Amino acid sequence: MKVLVFGGSFDPVHKGHVAMLKKALSVIKPDVTHVVPVYHSPFKAKSPTPFQLRMEMARAAFGGLGKNLIFDDYELQRGGKTYSYQLVQYLQKRYDHPEIYLLVGTDCLNDLHDWNNSDYIFANATIVAGRRKGFPEHKVTFKHISLPGQFPKMSSTRVRAHILSSGEIPTDKVPSSVADIIIKNDLHGLDQHRWLRAHLKPNRYLHSIKVAELCAVLSDIYEVPIQKAVQAGIFHDAGKGFSAEELISFCKKHHLKIPYFEDICHCEPALLHSFVSAELAQELFGLNDPEILNAISEHTLGSLEMTTLSKILFVADISSKDRKYKDAFVIRTLAMQDLEKALLYAANRKLWFTIDSQKWLCPTGIELWNHLVKHTA
Ligand SMILES: [Fe+2]
Ligand SMILES: [Fe+2]
């Protein structure tokens, strides 16, 4: 009895998953196929998308591919971390002398030796690997079957980042049945986009998208998780629609700790929007990653303890593609090569904009400038 197993976070299912399973079904010709959404992947942070919705996506995308597909909630029933060897053990108990085929992407293949109890897997299952574009031909010693052809270079993380940054579902990557589920359930940041469209002027909303896009590009260069960068970018100006009075009363009501708060309230309350945006992200959407929240808080004035993510957002905010001044292009180009230099340039331009506009200079901005000059070679 041939048993094919396809596990994954499926958050969301993309067309690369569909192509790989389709090919595996035609090559292996299994008697039964188990599609097993991960409850909590041993290699990833806990997925924010509920298990049942990921299962629904799997059913929608894979349901029509063949007969005897079992959409298996084994990992949900276990309710904890499940390794692949445990999945193999479970199938061995469920069937009488099964031939187990474990479907994986080539990107996983090279890490397979590091999987928990990998020898057990190699002894009791055959690995079926789909080669993804951009990954080299694998050289592994254990028995495996390479599916013919190449599969699209797609990842659920990238699909999620795309949806979160643009508010749109990439239809070239996501099956329409899966897109319907994402829309119906407001997944992957569509809820944030709805809120932003309702509370920001169209230009400001567009700016948020452009900042998120640039954050995504810079996250790849400076090796910051794309999801964090995009999240910081899309929500950084959420509080921008508040009036000066609303900003001040929001900060007071939420007891936000803001350096030079009294001076800011008196001289330039608009500067409060970054702190308000971070608080809104937490309050409305439950975002509680301190790195993301700090980056949002610091995007206007900076701080002396900026992380790479904070620097990316600070620079992206001043140089996103919707910015029309010529410095935007210069900073954006510089940011691709040297983030520290781009940050110094951005801080410089910000100070001069403020002086040229005859506005009050917040000491936090001056402190940042002095700190950067002192520490940037
Ligand atoms: Fe801002
Ligand atoms: Fe902004």
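**Reading a two-domain model, starting from helix α17**

Me: Which helices do the buried residues of α17 pack against?

Reply: The partners are α10 (202-221), α16 (308-319) and α18 (339-356). Keep in mind throughout that this is a predicted model.

Me: Which residues of helix α17 are buried?

Reply: Start with the general idea. An α-helix has 3.6 residues a turn, so residues three or four places apart point the same way. Now the case here. Helix α17 spans residues 326-337, and its buried residues are Ile331, Arg332 and Ala335. Viewed down the axis of α17, these buried residues fall within an arc of 100°, so they line one face of the helix.

Me: Which exposed residues does the face of α17 turned away from its buried side carry?

Reply: That face carries Lys326, Thr333, Met336 and Gln337.

Me: Now α18. Where does alanine 346 lie, and is alanine 346 buried or exposed?

Reply: Alanine 346 sits in helix α18. Burial is read from a neighbour count, with 20 or more other C-beta atoms within 10 Å as the cut-off. Alanine 346 has 26, so it is buried. Beyond its neighbours within four places in sequence, alanine 346 is in contact with Phe314, Val315, Ile318, Ser319 and Ile331. Ile331 belongs to the buried residues of α17. Another link is read from C-alpha atoms: those of alanine 346 and alanine 328 are separated by 8.8 Å, with the two positions 18 residues apart along the chain.

Me: Let me zoom out to the nonpolar core. Which residues in the largest nonpolar core touch the most other members?

Reply: This core has 97 residues, and the best-connected are Val5, Leu102, Leu103, Cys215, Ala229 and Val315. Its largest share, eight residues, comes from α10. Both domains contribute: domain 1 (2-154) and domain 2 (189-375) each supply at least three residues.

Me: Take one of those. Which residues is cysteine 215 in contact with, leaving aside its neighbours within four places in sequence?

Reply: Cysteine 215 is in contact with Ala229, Val230, Ala232, Gly233, Ile312, Leu313 and Ala316.

Me: How far apart do the C-alpha centres of domain 1 and domain 2 lie?

Reply: The two centres are 41 Å apart. The C-alpha atoms of the whole protein fill a box of roughly 80 × 40 × 35 Å along the principal axes. Count the elements too: 19 helices and six strands. Of the 377 residues, 43% are buried. Contacts between residues 24 or more positions apart make up 69% of those with a separation of 6 or more.

Me: On to the strands. In which sense do strand β1 and β2 pair, parallel or antiparallel?

Reply: Strand β1 (residues 2-8) and β2 pair in the parallel sense, over six bridges. In that pairing, valine 3 stands opposite valine 32 in β2. β2 also pairs in the parallel sense with strand β3 (residues 69-71), over three bridges. There, threonine 33 has leucine 69 as its bridge partner.

Me: How many of the six residues of strand β2 are buried?

Reply: In a regular strand the side chains alternate between the two faces of the sheet. Now look at β2, residues 32-37. Five of its six residues are buried, so β2 is largely enclosed by the rest of the structure.

Me: What unit do β1, helix α1 and β2 make?

Reply: They make a right-handed β-α-β unit, with helix α1 covering residues 15-28.

Me: What about backbone oddities? What joins aspartate 11 and proline 12?

Reply: General idea first. Most residues other than glycine have a negative phi, and most peptide bonds are trans. Aspartate 11 and proline 12 are joined by a cis peptide bond, with omega about 0°. Aspartate 11 is in the loop between β1 and α1, and proline 12 is found there as well. Aspartate 11 counts as buried, with 24 C-beta neighbours inside 10 Å. The C-alpha atoms of aspartate 11 and isoleucine 182 are separated by 9.9 Å, although the two positions lie 171 residues apart along the chain.

Me: What phi does phenylalanine 10 have?

Reply: Phenylalanine 10 has a positive phi of about 50°, and it is not a glycine. Its place is the loop between β1 and α1. Phenylalanine 10 is buried, with 26 other C-beta atoms within 10 Å.

Me: And tyrosine 260: where is tyrosine 260 found?

Reply: Tyrosine 260 is in the loop between α12 (244-253) and α13 (261-267). Tyrosine 260 is not a glycine, yet its phi is positive, about 60°. Its count is 18 C-beta neighbours inside 10 Å, so tyrosine 260 is partly exposed.

Key
Residues numbered from 1 in each chain as written. Chains lettered and ligands numbered in written order. Predicted model: local features only at pLDDT ≥ 70, side-chain atom pairs only at ≥ 80, totals over all residues. Buried ≥ 20, exposed ≤ 12 C-beta atoms within 10 Å, placed from the backbone. Helix = DSSP H or I, 4+ residues; strand = E, 2+ residues; numbered from the N terminus. Arc of directions from axis to C-beta. Contact = placed C-beta atoms within 7 Å. Core = buried A, V, L, I, M, F, W, Y, C linked by C-beta atoms within 7 Å. Domains from an automatic or database assignment. Pairing = 2+ DSSP bridges. Right-handed = clockwise from strand over helix to strand, strands pointing away.
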